[in-house]
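Got the viewer open? Load the model, switch to cartoon view and follow along.

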Amino acid sequence: MAAIKILSVDDEEQIEFLMKQFFRRKIRSGEYEFFFAHNGVEGLKVLQEHPDIEIILCDINMPVMDGLEMLAKVNEMQNPALRVIMVSAYGDLENIRLAMNDGAFDFATKPIDMDDLDRTIEKAIKQIDFVHQSQKEHKKLEGLEKDLAAANEIQQFILPRVFPPFPEDSDKFDLYASMEAAKDIGGDFYDFFRIDDDHIALVIGDVCGKGIPAALFMAVSRTFIRSVGMQFEHVGECMTNVNRLLASSSVDYMFVTVFYAIYDIRTGLLTYCNGGHNPPYLLHANGTTEELPVSDNLIVGALKGIQFKENALQLEHGDTLVMFTDGVTEAMRQTREVFGTKRFCDTLSSLNGKSSQEVVETVKASLADFVGDSEQSDDITMLVLKRK
């Protein structure tokens, strides 16, 4: 452990001898290292040469620059760990009071009670140690904030961001998606990828929990679904195998809710498997809304050996499928009232004939208007497919 560096600033020559004599054991053992100056100007020069000095014993009445002037200069350095102990005659209470008001840590009176000064120095050291520990924690938090910012960029990068994603088929369907994390990084995700010339896969998911663990599990889940989705023709088989992989590698009982579908571009047929996720809404071309049936499949990644069932849905021309996570319907305002399914359906009903992007942006605007200044409590993710 490094020695505590102490600067004694006093114009009385015997003070240096007194300090060295009284603290000789701590000086020999390397606990304390003393520096000496005889006025404020000399003291500031020593501080400049040794910026790691953390305790100053400063006499108030000195020539050239007195202790109060030096204290003002030390304050300008804005070193939160530096502690100044003022020393003055017993009767000089007015100057001592000025020094304490100007930020001195403590004071001692002459003739100096060395035992009391020793205790005062030890008290100062405890505060200095606390400041250093706080500074370390602050640096860790700054590092964590930078890591989270980088993680957010990476997470946004791995989600598809280019729309329309399949311009060669933009006359057949319209696809748009958005994910807004509640924190720096989230557990929601969406994805889409081409299976073959006539089929595209659609994915939306919500990992349990928040923060870094959820984000990591989200990345793994997305990777597994993409990889397995290219191997299996049937969506039920895909989810069964993704569940096997996730359940085998999951830690701390993490799981994910997933809606996975394959869309036939030619016919509008959507085969899907809902692994414990919110049932999407179908916005019909005539403006009515319909919630897909609640799935009896379990969540994905929680239990091994689960077989997942699949369903089918026919999208007619002008129909829009709105997939979302519970951050939409459970968005909460300050009164703890949630946005809810009725407001969601009412919003969707007003969007007949709108593009997928207009659907997403209008719902987000409705959510923002509803919650007002309330902090976002959950990730908000939507994936919208419209058959043209």
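How many disulfides does a search of the whole structure find? Zero, taking a disulfide as a pair of cysteine sulfur atoms within 2.5 Å. Before you click further: this is a predicted model, where local features need pLDDT of at least 70 and side-chain atom pairs count only at pLDDT 80 or more, while totals for chains, interfaces and linings use all residues. Residues are numbered from 1 along each chain as its sequence is written, and side-chain values use heavy atoms, with hydrogens and water left out.

Select C208 and C273. The sulfur of C273 is the closest cysteine sulfur to that of C208, but at 18 Å it is too far for a bond. Now add C238: its nearest cysteine sulfur, again that of C273, is 8.2 Å away. C238 counts as buried because its relative accessibility is 0% (buried is under 20% relative accessible area, exposed over 50%, partly exposed in between, with a 1.4 Å probe and protein chains only).

Next, the parallel sheet. Its five strands run in the order β2-β1-β3-β4-β5, and the sheet is open. Strands here are DSSP runs of E, at least two residues long, and helices are runs of H or I, at least four, numbered from the N terminus; two strands pair if DSSP finds at least two bridges between them. Color β2 (32-37) and β5 (106-110) to see the edges. Then zoom in on β1 (residues 4-9) and β3 (residues 55-59), which pair over four bridges; V9 has C58 of β3 as its bridge partner.

Move on to the second open sheet, antiparallel this time, ordered β7-β8-β9-β10-β13. β7 (188-196) and β13 (311-314) are at its edges, each with a single partner strand, so one side of each has no neighbour in the sheet. Inside it, β9 (residues 256-264) and β10 (residues 269-275) pair over six bridges, with Y260 opposite C273. Show α8 too: this helix packs on the sheet and touches β9 and β10 (contact means heavy atoms within 4.5 Å).

Stay on α8 (residues 235-249) and pick S248. Is S248 buried or exposed? Exposed, because its relative accessibility is 51%. A polar atom of the S248 side chain lies 2.7 Å from the backbone oxygen of R244. Also select K304: it is 56 residues from S248 in sequence, yet the C-alpha atoms are 7.2 Å apart.

Last stop: show F163, F166, F173, Y176, Y190, F192 and Y263 as sticks, and you have one aromatic cluster.

Note on methods
Phe/Tyr/Trp six-rings, centres within 6.5 Å; stacked < 30°, edge-to-face > 60°. Polar contact = N/O pair within 3.5 Å; in protein donor to acceptor, adjacent residues only side chain to side chain. Axes fitted to C-alpha atoms, helices over the stretch in contact; angles between N-to-C directions.
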